Amino acid sequence: MSGSHDDFFDFNHDGKLDALEWSVKMEFYDELSRDNSAKHNGTARPSRRNRAGSGNPPQRIVTQKEKVEIDPAVWIFLKMILAAAGVLLLYFAFTGIKRDMDANTEVRKVESRLEEYEKLVPEELPKLCTERGIGLDGTYTAKGLPELTKSPGSGQKYQFYRVNLDYEVTLQADEYFDSFDDRSKYNYLGAFYQMAGEAHDAFLQESFGDLVDLRGWTTVERLSITYEGGEYEVFIETPAHLYQYSRMYDDLFILDGESYFLEDEQSRWKK
């Protein structure tokens, strides 16, 4: 081992080791220099340019966007499509506006008729009640209570309306009516209720048959107006009391706003 160690130092002292180390370093620096030159194009070999008569033709560099030409027939077809689409849009817009206007006009016609009904009921219905009568002296008065309402199912596409013709009829009587027994008062009120309904039906047929005939779809597309009938009340009023017929219960009438039950032998409330 000592001999080998001495030989190593003898080799180094002769300069062989230093020369080897220097050679390795120089090769490393040369390689590093070539890499850096390649990255920065310092010593890189210039690329060949295409020469005339070479095998590969030169490539044309496009510097501007080429203009795309469309066949005139295609332009005409596209314009026709756009024009047709515009016409359709205008048509549907116009028909929608016209339908709304027609619907509003039709609804307004019905509203106008209801205004006429409200005005004529106080004038005409008492006359018909007087002609029929119930065997009591007095003066009849009446009030019309028409109503046009839109049904919950209505929307932008379909519209549904309902017509109700409610009304009231009152007989202004003297004190003599208060002296009748309860059963007679009840019977008079019942007869009055039936007579007033018949008189009103005759009034409608004579003056407002068009409202009675409203049975759904109108001449306007997607518009429905239906006559739903109506409810009514009858009253007999004296200087002392107000009697009202009860539509809900038998053997009972409304006296001054309170339920008044009959208590005679015929009454259902005695059984």
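Are Phe-177 and Tyr-243 buried or exposed? Both residues are buried. Keep in mind that this is a predicted model. Across the whole structure, a search turns up 18 aromatic pairs, and a few of them are worth a look here.

**Two edge-to-face pairs**

- Tyr-176 and Phe-180 have ring centres 5.9 Å apart and planes at 70°, so this pair is edge-to-face.
- Tyr-176 counts as partly exposed, at 27% relative accessibility, and Phe-180 is partly exposed too, with a relative accessible area of 26%.
- Phe-177 and Tyr-243 also make an edge-to-face pair, with 5.0 Å from centre to centre and 75° between the planes.
- That second pair links distant parts of the chain, as Phe-177 and Tyr-243 are 66 residues apart.
- Phe-177 sits in the loop between strand S2 (159–172) and helix H4 (182–207), while Tyr-243 belongs to strand S6 (residues 242–245).

**One aromatic cluster**

- The residues of both pairs come together in one aromatic cluster, made of Tyr-176, Phe-177, Phe-180, Tyr-188, Tyr-243, Phe-253 and Tyr-260.

**A nonpolar patch and a charge over a ring**

- On the surface, Met-248, Tyr-249, Phe-261 and Trp-269 make a nonpolar patch of about 460 Å².
- Phe-261, one of the patch residues, is found in strand S8 (residues 258–261).
- With 38% relative accessibility, Phe-261 counts as partly exposed.
- Trp-269, another member of the patch, has Arg-268 lying over its face, at 4.7 Å from the ring centre.

Conventions. Residues are numbered from 1 along each chain as its sequence is written. This is a predicted model: local features need pLDDT of at least 70, side-chain atom pairs count only at pLDDT 80 or more; totals for chains, interfaces and linings use all residues. Side-chain values use heavy atoms; hydrogens and water are left out. Rings of Phe, Tyr and Trp (its six-membered ring) pair if their centres lie within 6.5 Å; planes under 30 degrees apart count as stacked, over 60 as edge-to-face and the rest as tilted. Buried means under 20% relative accessible area, exposed over 50%, partly exposed in between (1.4 Å probe, protein chains only). Helices (H or I, at least four residues) and strands (E, at least two) are DSSP runs, numbered from the N terminus. A charge sits over a ring if NZ of Lys or CZ of Arg is within 6 Å of the ring centre and within 35 degrees of the ring normal. Patches are made of residues with over 30% relative accessible area and no salt bridge: like charges are joined within 9 Å, nonpolar side chains (Val, Leu, Ile, Met, Phe, Trp, Tyr) within 5 Å. Accessible areas come from the Shrake-Rupley method with a 1.4 Å probe; for residues, only the protein chains shown count as cover. A salt bridge is a side-chain nitrogen of Lys or Arg within 4 Å of a carboxyl oxygen of Asp or Glu.
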